[in-house]
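I opened the notebook to record one helix and one cross-link. The entries are short.

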Amino acid sequence: PLAVPTLAGCAPPPADPGSAAVPAAGSGRALPATSVEPVEAGAATTTTELVRARVAIIDVWATWCQACRPVTKKVESLAASKKDAGLLVVSLNVGEERSSVERYLADHPSTLPVYLDGEFDFANELGKIQLPAVVVVVHLGNVRMVRSNVDAEMTTLVDGLLAADTR
């Protein structure tokens, strides 16, 4: 049975980056160990295994979410700029079938590894979140920030986490 999503809905990113914070839904919590499947060939894994022992960002999106598109481009740009610093960035599609996501990606290629959560389990377990959602996670699976956009505060947090990561 398909789970009823608790997503607050797709909305455009706010004009003021300071207002982009999603109310404490997930911040300071453990990352849900949601089962996800890669769009490309590979075995199913969990979100916690994906980001294990890393500073990571998870870009949560859906094909129907128009506001997700520019945010994903910002996430891809951040990923490219922090790649050498060790930042792991993955893309997580929620609530859609593989065939729909594959068709979308054929027209909108991603530079990130894309995973599927067809049942909204990640969003439901993290708490009520609005798409787009960008989740910053530290190496023990602790959610440090959930935002609807990449902003200066997120970039500063990521820079600090990467600088403190002594692995």
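My notes below concern a predicted model.

Entry 1, helix length. I looked up helix α5, which covers residues 152–164. Its 13 residues, at 1.5 Å a residue, should span 18 Å. I found the end C-alpha atoms 18 Å apart, so the expected span and the model agree.

Entry 2, sides of the helix. I asked which residues of α5 are buried. They are Met154, Leu157, Val158, Leu161 and Leu162. These residues cover an arc of only 130° around the axis, and therefore lie on the same side of α5. I then checked the other side of α5, where Ala152, Thr156, Ala163 and Ala164 are exposed.

Entry 3, the cover. I looked for what covers the buried residues of α5. The cover includes two helix and strand pieces early in the numbering, β3 (56–61) and α2 (68–82). It also includes β6 (133–138) and β7 (142–147).

Entry 4, the helix end. I looked at the N-terminal end of α5 and found that Asp151 caps it. A side-chain oxygen of Asp151 lies 3.3 Å from the backbone nitrogen of Glu153.

Entry 5, the disulfide. How many disulfides does the structure hold? I noted 1. Cys65 and Cys68 form it, with their sulfur atoms 2.5 Å apart. The link of Cys65 and Cys68 has 85° about the S-S bond and is right-handed.

Entry 6, burial of the cysteines. Buried means under 20% relative accessible area. Cys65 has 1% relative accessibility, so I put it down as buried. Cys68 also has 1% relative accessibility, so it counts as buried.

Technical notes. Residues numbered from 1 in each chain as written. Predicted model: local features only at pLDDT ≥ 70, side-chain atom pairs only at ≥ 80, totals over all residues. Heavy atoms only, no water. Expected span 1.5 Å × (residues − 1). Buried < 20%, exposed > 50% of the residue type's maximum accessible area, 1.4 Å probe, protein only. Arc of directions from axis to C-beta. Contact = heavy atoms within 4.5 Å. Polar contact = N/O pair within 3.5 Å; in protein donor to acceptor, adjacent residues only side chain to side chain. Disulfide = S-S within 2.5 Å.
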